[in-house]
Amino acid sequence: MSPFDLLSLGFARLRTRPLRAVLAALGISIGIATMLVVIGIPASSQQAVVDELAALGPNLLRAQAMRDELNNKEAGMPPQSVEMARRIGPVQLADGVANVHADVRRSDVNAQGSGITTLAASPDLLRILGGTVHSGTFLSAATEKFPTVVLGSKAATWLGITEILDGQAPQIRLADKWFTVIGVLAPMPLAPDVERSVLIGWDAAKDQLGFDGKPTVVYVRSDESSIEDVRQVLPRTLNPEQPSLVQVNRPSDALAAKRITQNAFGTLLLGLAGVALLVGGIGVANTMVISVLERKREIGLRRAIGASKGQIRGQFLTESIVLCGLGGLAGGLLGIAGTAAYAHLQGWPLVIPGTAMLGGFGASLTIGVLAGVYPAVRASALTPTEALASP
């Protein structure tokens, strides 16, 4: 028989006994659906966790200039240090801030704002720290040249300026000079020092406050896989003459947590998927064995009119593959739907690995072959007289 004839026979059995076919396919459908669900739901949850960990800056390094105790002075880094950090291969972003040591006052008659730091910053700072503006605007290429400032969330609360309303331009004094507040930042857990600071443009700090252009803190984002290597070379890159005066914080604990999460989920998924497929395969094999027992007369009749053992094996093997293939398709759709519904309820991104979907369908076909081999061999081993004589 041609492959088309075998396929036709496989579908013919489904048409003549649709209820049994549906019930048999249901077993493999549940197995494949379970596999996709147990892969999709943890994968979606993992992606949600990874997104949250990414917000914590697992690839962020903070390099700070230490005080030079030998010369009893604060040692800033060279003015070109940020640009040198950007030249490190795995580095994605680099930017710096500098403490300009300017007193902050709400007015010229009180000292409110004590404890607030004044930092020179560039318009790219928010991008590297993943920060957002709560009210107003951040420094731009235009405003950073003028006496304008942006307040960190805690500094804004201390100064009593938490909103920038239309038509209003609140001002504060930095080193006895008036500066206009143009924005207030949202909380930034990655940079608590920025939350407690007043940010002024780099150029304005030079013109208005006598800033020398030396950053005191440099933030670097790099490829996660190279974060440790970048950390090792960063001090010598930022301050080649005195690398010992640059302290770089170790990679965030969030990176370690992310890697542990990925490994734990991967081990769990392999075990659950294997159990689900095993259950489905046993169900299909059981159905095909029962089918052989019930169809002995049909087998005998086919053998009597000239069907070979190979054709009988091919018929039953094809039925098993068709059954499992259809069950795999149905199970894939059920698994995707179930995962999507659960992820939506939890507010997670929907993640179903393409390899899982292709692997699920391929597994269903493989199970069809394995589950059909023994029944097919058993059916082909029946002699015509034995099969026709069976009750």
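Is Leu209 buried or exposed? Hi everyone, let's begin with that residue and work outwards. Leu209 counts as buried, because its relative accessibility is 19% and the cut-off for buried is under 20%. Please keep in mind that this is a predicted model.

So where does Leu209 sit? You can find Leu209 in helix α7, which covers residues 202-209. Setting aside neighbours within four places in sequence, the contacts of Leu209 are Val100, Ala102, Thr118, Leu174, Ala175, Phe179, Ile200 and Ala204. Take Val100 from that list: it is 109 residues away from Leu209 along the chain, yet their C-alpha atoms are 7.4 Å apart.

Now let's look at the helix as a whole. Leu209 shares its buried status in α7 with Trp202, Ala204 and Ala205. If you look down the axis of α7, these buried residues fall within an arc of 160 degrees, so they line one face of the helix. What do the buried residues of α7 pack against? They pack against five strands that you can pick out on the screen: β4 (91-99), β6 (117-121), β9 (171-174), β10 (177-185) and β11 (197-201). Right after α7 comes Gly210, which has a positive phi, near 70 degrees.

Next, the aromatic rings. How many aromatic pairs are there? The count comes to two. One of them joins Trp202 and Phe211 in an edge-to-face arrangement, with 5.0 Å from centre to centre and 80 degrees between the planes. Trp202 is a residue we have already met among the buried ones of α7. Its relative accessibility is 15%, so Trp202 counts as buried, and Phe211 counts as buried too, at 9%.

The other pair is Tyr342 with Trp348, also edge-to-face, at 5.7 Å centre to centre with 65 degrees between the planes. Here the surroundings read another way: Tyr342 is partly exposed, at 36% relative accessibility, and Trp348 is partly exposed as well, with a relative accessible area of 24%.

One last stop before I hand over. Moving along the chain from α7, we come to Thr216, in the loop between α7 and β12 (217-222). Thr216 is buried, with a relative accessible area of 10%. Which backbone atom lies 3.1 Å from a polar atom of the Thr216 side chain? That is the backbone nitrogen of Asn99. Asn99 also takes us back to the helix, since β4, one of the strands packed against by the buried residues of α7, spans 91-99.

Thanks for listening, everyone!

Terms used:
Residues numbered from 1 in each chain as written. Heavy atoms only, no water. Helix = DSSP H or I, 4+ residues; strand = E, 2+ residues; numbered from the N terminus. Buried < 20%, exposed > 50% of the residue type's maximum accessible area, 1.4 Å probe, protein only. Contact = heavy atoms within 4.5 Å. Phe/Tyr/Trp six-rings, centres within 6.5 Å; stacked < 30°, edge-to-face > 60°. Polar contact = N/O pair within 3.5 Å; in protein donor to acceptor, adjacent residues only side chain to side chain. Arc of directions from axis to C-beta.
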